[in-house]
Amino acid sequence: MVGTAHPTETLAVTPEERRKLLQELLAKRNAGGLKTKDRLAIPPQEIPEQDADARRRNVSEVALGYTEEQARLEALRCLQCKNAPCIEGCPVRIRIRDFVGAIAEGDYRKALDLIKENSLLPAVCGRVCPQEVQCQEKCTVGLSLKDVSKAVSIGRLERFVADLGRNGSAAVPAVAAPTGMKVAIIGSGPGGIVAAADARRAGHEVTIFEAFHKPGGVMVYGIPEFRLPKAIVRQEIETLKQMGVKIITNFIVGRTRTIEQLMKEDGFDAVYIGVGAGLPSFMNVEGESLVGVYSANEYLTRANLMKAYQFGAGADTPIARSKRVAVVGGGNVAMDSARTAVRLGAEKVYLIYRRTEKEMPARVEEVHHAKQEGVEFHLLQNPKRILGDVNGNVVAIECLRYELGEPDASGRRRPVAIPGSEFQIEVDTVIIAIGNLANPLIRQTTPGLEFNKWGNIIVDENCRTSMTGVFAGGDIVLGAATVILAMGQGRIAAAAMNEYLAQKKLTRRNAV
Ligand SMILES: Cc1cc2nc3c(=O)[nH]c(=O)nc-3n(C[C@H](O)[C@H](O)[C@H](O)COP(=O)(O)OP(=O)(O)OC[C@H]3O[C@@H](n4cnc5c(N)ncnc54)[C@H](O)[C@@H]3O)c2cc1C
Ligand code: SF4
């Protein structure tokens, strides 16, 4: 047995009761009598979590993961639909029905192998993918029970088998014989990691160039430890290294070397650009340059990558201790910032969002967790200006109240300011989390590469850019998107790159 009850889990059902239920269901299934109605009657398995009060004071992971009994019970809820609509909802088409079926059988190795056919980072995706608007939204169980939160918990099951795999001794993927071709991967986010792994497997010499001092992209510097433990990302990076991928950090392509130099002078035959969308947007209101105003990027990077939560003891870049924090925005980045501020010791954390909770782009689970941890939601409000004292430090934020008007281009109702509704909230820190844009560096230093009006690289369906031998994917192409979409594009780009390199090798050989 792999699962035991977690010490801080907050569940009503005892492990004994669960074990008994599982045995009854398995016996019924083995006798051929487990019907659809029996499966639909199995209670959805809640994931054990750290208690809300305890987790306000630590950065450890909130969700603790299923026990073995829970995983098998949850898997038995799956109806093994012939058409498997869940797969349609998955951006990388994981064989969900089959892997969930394998968990129900207790064959976890098979389940993991099935997932890995399409996803290289299951321990990450099982934790951070927005399943409730992807695979789980389409799940027949959720639709039958008329509640998407009662769909089969595909993400939690993915996480369960991925964690078992991580704890075992996973084999390093095989690498083909050397091709003599050199590939540069720019950026070490999920797209870059997948592209590097797939290119290396084909036998190319692969080097990742990363601007920061640690590889992993947003998974390391953006998404906090309490949602995605960094050890998971480190392990994936370690696997890449064991495969022979070279990783060079503190290397800014466009500054240290340009793409043209990498290709013409340093001998790289193909390049994948996966530099993400790391340029924070600001509100352009009075007071945004006061001391105590951060972009979410800066705040989260200081907290995650530079260990600011240690407040100087071992922190590369310490962070000021805030007492009253306003976070502006309603997406995952805003929730991550607010929940990080709680953990860094703020007494009050206000989340200011100009629409209602219904329109919030953040995952429902993150909103729920933020509320549990004491973040105070200020909805239908938006900053008009930030006020400072004589020394230029933030002392308050002035907001306007809003109401919802007609839907805008995004389909969401447009927030309309109510004139004369200004009011102030006393704060010492303001974190702006209203979105990210593409960093212009690659654009400024790569003539010949085509971009759209938002600064995203234009690619075809195989992630080929306008430059021969240059491929791109992830947020720099899609705008701020998701881990799984970046991974999916990394894979598509690597396949096209491998084909391109095979062709190039052939042409080179014929020319000799
Ligand atoms: C706070 C936060 C929370 C999020 N939460 C979720 C979530 O819950 N679920 C989800 O699916 N998605 C989430 N996302 C989005 C997700 O993380 C991104 O969509 C995904 O990481 C994009 O991957 P990518 O491969 O494009 O590269 P990124 O992860 O963006 O990494 C790009 C890398 O390129 C490096 N780089 C940039 N410029 C250069 C250069 N010139 N030279 C060398 N290196 C360079 C950067 O330092 C970075 O390491 C979140 C994003 C943020 C910011
Ligand atoms: S849609 Fe739901 S019930 Fe049907 S196969 Fe997929 S996970 Fe199972």
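How far is an oxygen atom of ligand 1 from a polar backbone atom of alanine 481? In this predicted model, the separation between that oxygen atom of ligand 1 and a polar backbone atom of alanine 481 is 3.2 Å, and an oxygen atom of ligand 1 is likewise placed 3.3 Å from a polar backbone atom of threonine 482. A further contact involves a nitrogen atom of ligand 1, which is 2.7 Å from a polar backbone atom of valine 128. Of the 1000 Å² of accessible area that ligand 1 has on its own, 94% is covered by the protein.

Two or more residues of the shell around ligand 1 are given by each of the elements α12 (190-201), α13 (218-221), α17 (332-343) and α21 (483-511), with the most coming from α17, which gives 3 residues. The shell around ligand 1 holds 33 residues, of which Val128, Gly191, Glu210, Arg227 and Asp475 come nearest; by class, the shell is made up of 18 nonpolar, 11 polar and 4 charged residues. Because domain 2 (182-278 + 438-511) and domain 3 (281-435) both give residues to this shell, ligand 1 lies between the two domains.

Ligand 2 is surrounded by Cys78, Leu79, Cys81, Pro85, Cys86, Arg97, Cys139, Thr140, Val141 and Ile154, and the space that ligand 2 takes is the largest cavity. The helices α5 (85-88) and α10 (140-144) each contribute at least two residues to the shell around ligand 2, as can be followed in the list of neighbours, where Pro85 and Cys86 appear together with Thr140 and Val141. Divided by class, the shell around ligand 2 consists of 8 nonpolar, 1 polar and 1 charged residues.

Technical notes
Residues are numbered from 1 along each chain as its sequence is written. Chains are lettered from A and ligands numbered from 1 in the order in which they are written. This is a predicted model: local features need pLDDT of at least 70, side-chain atom pairs count only at pLDDT 80 or more; totals for chains, interfaces and linings use all residues. Side-chain values use heavy atoms; hydrogens and water are left out. A residue is near a molecule or strand if one of its heavy atoms lies within 4 Å of it. On a 1 Å grid over the protein atoms alone, a cavity is a set of points where a 1.4 Å probe fits but cannot get out, and a pocket is an open set with protein on both sides within 12 Å along at least five of seven lines; lining residues have an atom within 4 Å of a point. A molecule sits in a cavity or pocket if more than half of its atoms lie within 2 Å of its grid points. Helices (H or I, at least four residues) and strands (E, at least two) are DSSP runs, numbered from the N terminus. Ala, Val, Leu, Ile, Met, Phe, Trp, Tyr, Cys and Pro count as nonpolar, Asp, Glu, Lys and Arg as charged, and the others, Gly among them, as polar. A polar contact is a pair of N or O atoms within 3.5 Å; within protein, one must be able to donate a hydrogen and the other to accept it, and residues adjacent in sequence count only if both atoms are side-chain atoms. Accessible areas come from the Shrake-Rupley method with a 1.4 Å probe; for residues, only the protein chains shown count as cover. Domain bounds come from an automatic or database domain assignment.
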